Amino acid sequence: MHKKLGMGKESSNRIQTSLLNAMEKKALIWMAERQPLWMTSDMLTYIGLLGAVICGLGFALAHIDKNYLWISSLGLVINWYGDSLDGTLARVRHTQRPVYGFFIDHTLDAVTICIMCIGAGISPMFRLDVAMLVLAGYLVLSIYTYISTIIKDEFRLTYGSFGPTEFRLVVILINTVFMYTPLSSTIYTIAGQTLGIFDIVGLLIALFLFGAWLSQFLIDRRILSERDPLKPYNPGKKED
């Protein structure tokens with residue numbers, strides 16, 4: 001658990017428990033200390049958005065040649081660079097803007113994931129409805145994170161050992177497998193639906209996202225129910 005992050009009148013504990021957290025944190029601090037003086041957190045945030053556009057373009061071009069998925073993977077790396085480094089740069093330079101930074105970063109995060117999932121849905125790897133299910137799961141989990149930030153003073157960056165960085169690496173792995181193995185032509189018919197092997201992987205990712213939301217919801221529901229118990233109703237009692 002990281003130190004508190006000021007957010008307006010709120011102060012939230014940053015919860016980061018991903019597999020790569022320790023190594024990634026060291027790498028980001030090393031990179032932040034070596035950024036040119038003209039680089040700002042805002043610029044990095046928009047570089048992350050540019051990476052999402054490049055990723056989506058690579059997905060779309062994969063209909064022409066599946067090797068264009070290398071562009072998609074490059075876009076994911078650029079997105080990681082901008083999206084992961086913007087906050088670290090502010091903290092290293094002691095130039096945090098807690099309210100503005102939170103607003104810009106997480107507003108554009110929603111746009112970013114929409115671009116990438118729509119791009120994946122129009123690529124030859126995934127059916128559009130499968131990609132939209134992944135998008136829905138990601139957004140549900142994101143909304144839950146923002147609610148928890150206000151209600152519980154917790155900003156949860158990861159669920160279990162899985163976070164945005166691991167998600168990007170999984171997509172890069174899927175891109176690579178699609179390009180260099182015959183699995184891209186593997187088709188199954190399940191309950192009358194024609195699904196490729198990558199559609200099934202997408203469904204598993206969506207299942208994980210919704211499962212992470214449901215698990216954390218049930219835990220927090222119990223905690224918050226005890227913290228804010230149901231008050232007895234007395235119809236004969238008047239309010240002061």
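Which residues are buried in H7? In this predicted model, the buried positions of H7 are Phe198, Asp199, Gly202, Ile205, Ala206, Leu209, Ala212, Gln216 and Asp220. The helix itself covers residues 197–227, 31 residues in total, and spans 45 Å between its first and last C-alpha, close to the 45 Å expected at 1.5 Å a residue. Its buried residues pack against two helices, H5 and H6, and against two strands, E3 (154–156) and E5.

Aromatic pairs, of which the structure contains five, include one that involves a buried residue of H7. The ring centres of phenylalanine 178 and phenylalanine 198 lie 5.2 Å apart with the planes at 65 degrees, so the arrangement is edge-to-face. This pair connects distant parts of the chain, since phenylalanine 178 belongs to helix H6 and phenylalanine 198 to helix H7, 20 residues apart. Phenylalanine 178 is buried, at a relative accessible area of 6%, and phenylalanine 198 is likewise buried, with a value of 6%. Another aromatic pair, formed by tryptophan 213 and phenylalanine 217, is stacked, with 5.6 Å from centre to centre and 20 degrees between the planes. Tryptophan 213 and phenylalanine 217 are four residues apart in helix H7, so about one helical turn separates them. Tryptophan 213 is partly exposed, at 28% relative accessibility, and phenylalanine 217 is partly exposed at 34%.

Helix H5, one of the elements against which the buried residues of H7 pack, comprises the 24 residues 128–151. Its reach from first to last C-alpha is 34 Å, close to the 34 Å expected at 1.5 Å a residue. Buried positions in H5 are Val130, Ala131, Val134, Leu135, Gly137, Leu141, Ser142, Tyr144, Thr145, Ser148 and Thr149. Just after H5, aspartate 153 adopts a positive phi of about 60 degrees.

Most residues other than glycine have a negative phi. Two further positive values occur in loops. Histidine 94 has a phi near 60 degrees and lies in the loop that joins helix H3 (69–93) to helix H4 (98–121). With a relative accessible area of 66%, histidine 94 is exposed. Alanine 191 has a phi near 50 degrees, and its position is in the loop between strand E4 (187–190) and strand E5 (193–196). Alanine 191 is also exposed, at 79% relative accessibility.

Three cavities of 30 Å³ or more are present in the structure. The largest has a volume of about 190 Å³. Its lining consists of 16 residues, and Ala120, Phe126, Val134, Phe167 and Val171 are those closest to the cavity centre. Val134 is also among the buried residues of H5. At least two lining residues each come from helix H2 (41–61), H4, H5, H6 and H7, and H4 supplies the largest share, four residues. By class, this lining contains 15 nonpolar residues, one polar residue and no charged residue.

The second largest cavity encloses about 50 Å³. Its lining is made up of Thr45, Gly48, Leu49, Asn79, Asp83, Asp86, Asp105, Leu108, Asp109 and Thr112. H2, H3 and H4 each provide at least two of these residues, with the largest share, four residues, coming from H4. The lining of the second largest cavity divides into two nonpolar, four polar and four charged residues. One of its lining residues, aspartate 105, is located in helix H4. Aspartate 105 has a relative accessible area of 15% and is therefore buried, the value being under 20%. Beyond residues up to four places away in sequence, aspartate 105 contacts Thr45, Asp83 and Asp86, and each of these three residues also appears in the cavity lining.

Among the pockets, the second largest holds about 160 Å³ of space. The residues lining this pocket are Leu20, Met23, Glu24, Ala27, Leu76, Val77, Trp80, Thr165, Arg168, Leu169 and Ile172. Helix H1 (21–32), H3 and helix H6 (164–180) are the elements that contribute two or more residues to the lining. H6 gives the most, with four residues. In terms of residue class, the pocket lining has eight nonpolar, one polar and two charged residues.

Key. Residues numbered from 1 in each chain as written. Predicted model: local features only at pLDDT ≥ 70, side-chain atom pairs only at ≥ 80, totals over all residues. Heavy atoms only, no water. Expected span 1.5 Å × (residues − 1). Buried < 20%, exposed > 50% of the residue type's maximum accessible area, 1.4 Å probe, protein only. 1 Å grid on protein atoms, 1.4 Å probe; cavity = no way out; pocket = protein on both sides within 12 Å on 5 of 7 lines; lining within 4 Å. Points joined across faces, edges and corners; volume = space filled by probe spheres on them. Nonpolar A, V, L, I, M, F, W, Y, C, P; charged D, E, K, R; others polar. Contact = heavy atoms within 4.5 Å. Phe/Tyr/Trp six-rings, centres within 6.5 Å; stacked < 30°, edge-to-face > 60°.
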